[in-house]
Amino acid sequence: MPAPIRIQQCPVSHTDFSTDTEIYGHYAMLDAEREASRFRFNDTTDRGFLMIQRYDDVVEGFQHHETWTTKVRSAINPDSRSGTALLPQDLNGEAHAKLRRVLNPFFSPAAVRRMEPMAVARCIELIEELQPKGSCDFVAEFAIRYPTDLFLALLGLPVSDGEFFLPWSETVFAGFFGEDPAKVAEARKNIIDYFTETIRERRANPRDPKEDMVTRLLEARIDGTPIPEEDILTICLTLMLAGLDTTRSALGYIYAHLARNDADRQAIIDNPDLVPRAVEEFLRMYPLVFQVGREVQEPTEFHGLDLQPGDVVWLGIAQANRDPRKFPEPDRFNPDRKGVNQHIAFGAGPHRCLGMHLARLELAIVLREWHQRIPHYRIREGVTLTERGGQLTLPTLPLEWEA
Ligand code: HEM
C-alpha cells in the first residue's frame, strides 16, 4: 500500500466558485472539476481546501462528522463563523444532538403537515394577486415573499409583518454579497429587536409549547439548564438565514427550468401527482448549496489521502447530485428515475437540513397551485439570466403569461 499523500499533492484547481456567472455556469465548472480527477486541492482561499466530489465519497465524507466539524461551514468562506453565529450549525457532537432534539419536533413531517392548510391558502392568495398582472419578477414578487410569510407563521407571528420584515431580511442577505455594512447592521438590529420583542411577549403569555416554537424554546431544558435568550435569538436568526434564501433560490431554478421546457411543464399540469417526485428531481438537478465545508480535527486517512487537523474539506453536494456514476444522464429531468430522492441537496448526517420537510412542502404547494392558475408562462424575451456564486441564486427571473 503506498503511503497516503497530503491533500496539497492532489491535482490543483484554481477555480473561484464565489463569482457570478451566466445561469448554470457553476454546474458546468463543478462537473468539469469532478470529471478531471477524483480529488482536487483548490488554492483560491488562504487555507485552500480538499474537494471531495463523487457521490459515494461525499456521502462518506458526511459520515466523518465526529472529527470533521462545522468549525468551518463553507470551504470557500472558511472564516464565516467569526461574522455570524448560527445554531444548531455551529455545534457538533452531543451538544448539537441535544439542541436538534429540542428543534426537530417542529420540523417533523407531521408538524409540517399541520401547516399545510395555511400554507396552501397563503400561496393561492399570492398567486391570485399576481395572475391578473400578466408578468412579474418571479424572484422578488413571489419566490421570496412566500417562504418569508411561512417563516413568520412558523414562529407564530402575523404574516402581515412580512411587509417590514422582508426588506430587513433582504438587506441582511445582501450583506453576504457586499451590501453597505451600516445598512446591514441596521437591518440586523431591527430583526434582533423584533425577535427580542417576540420572546418577551411569549414569556409573558406562553402558548402551547407543542404548537409554538418560541414557547417551547423558552421552556426547554438542556441538561437541566434553560436555553440562554441569546441562543434563542440566534436560532430565530439562523432559521431566517437558512430557510428564506434557499427556498427562494430553489424556486428560481425550478421556474427557470419549467419556463423553458414545455414538455416538463405540461407533465406537471397534466399530472399533479408527479409533483413530489418532480420536487426531488429539481432538488437533485439544481442544488443551490453546492458545497458545505468542514474542518478536520484529527488525523484521518481518506482513500489514500492524509488529512491533518486544520485542513479544510469541501463536501461537493452539487457534484454528487450530478455525478453520472450515481444518476445516469444527470442533466435530464427525469422524475421517474430510480432513487430520485437519494440526492443530497439537504446534506447528510447529523447536520442534515432541519427545514427539509418544510422546504419540500413549500415547493410542492407552489408547483401545484401555480400551474392550476398560471399553467403557461415564459421568460421575458431578451433577458440573460445570471446566477450569483457562493450559494447559488437567480437575482431576477422576469416571467410573462396571458392574463
Ligand atoms: C430548498 C431549500 C433548502 C435547501 C436546499 C437547504 C439545504 C441545506 C443543507 C445542504 C444543509 C446542511 C448544511 C451542513 O451540512 O453544513 C442545511 C442545514 C440546515 N437547514 Fe436547510 N435548506 C433548505 C431549506 C431550509 C429551511 C426552509 C429551513 C428552516 C426554516 C432550513 C434550516 C436549516 C438549518 C437550521 C440547518 C442546520 C442544521 C444543523 O446544523 O443541524 N433549511 N440546509
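Here is a tour of the model, stop by stop, starting at the ligand.

Before you click, note that this is a predicted model, where local features need pLDDT of at least 70 and side-chain atom pairs count only at pLDDT 80 or more, while totals for chains, interfaces and linings use all residues. Residues are numbered from 1 along each chain as its sequence is written, and side-chain values use heavy atoms, with hydrogens and water left out.

**Stop 1: the iron**

Select C353 and the iron atom of the ligand. C353 (SG) is the single donor from the protein, 2.3 Å away. Donors here are N, O and S atoms within 2.8 Å of the metal (3.2 Å for Na, K and Ca), and water is not among the atoms, so sites may look incomplete. C353 itself sits in the loop between α15 (317-321) and α16 (356-373). Helices in this tour are DSSP runs of H or I with at least four residues, strands are E runs of at least two, and both are numbered from the N terminus.

**Stop 2: around the ligand**

Now show the residues near the ligand (a heavy atom within 4 Å of it). There are 25 of them, and H96, R100, R294, H351 and C353 come nearest. Pick out the polar contacts next, meaning pairs of N or O atoms within 3.5 Å; within protein, one must be able to donate a hydrogen and the other to accept it, and residues adjacent in sequence count only if both atoms are side-chain atoms.

- H96: a polar side-chain atom is 2.7 Å from an oxygen atom of the ligand.
- R294: an N or O atom of the side chain is 2.7 Å from an oxygen atom of the ligand.
- A242: a polar backbone atom is 3.4 Å from a nitrogen atom of the ligand.

Which elements give two or more residues to this shell? They are α4 (93-107), α12 and β10 (292-296). Helix α12 gives the most, with 5 residues.

**Stop 3: aromatic pairs**

Follow α12 to Y255 and select F138 too. These two form a stacked aromatic pair, 4.3 Å centre to centre with 25 degrees between the planes. Rings of Phe, Tyr and Trp (its six-membered ring) pair if their centres lie within 6.5 Å; planes under 30 degrees apart count as stacked, over 60 as edge-to-face and the rest as tilted. F138 lies in helix α7 (residues 138-143) and Y255 in helix α12 (residues 229-260), so the pair ties together parts that are 117 residues apart in sequence. Both residues are buried; that means under 20% relative accessible area, with exposed over 50% and partly exposed in between (1.4 Å probe, protein chains only).

Widen the selection to F142, Y146, W370, Y377 and W401, which ring pairs link into a cluster with F138 and Y255. Add R265, which lies over the face of Y377 at 5.3 Å from the ring centre. A charge sits over a ring if NZ of Lys or CZ of Arg is within 6 Å of the ring centre and within 35 degrees of the ring normal.

**Stop 4: backbone oddities**

Most residues other than glycine have a negative phi, and most peptide bonds are trans. Select L87 and P88: the peptide bond between them is cis, with omega near 10 degrees. P88 is in the loop between α3 (80-83) and α4.

Finish at D223, whose phi is positive, near 55 degrees. D223 is in the loop between β8 (221-222) and β9 (225-226), and is exposed at 59% relative accessibility.
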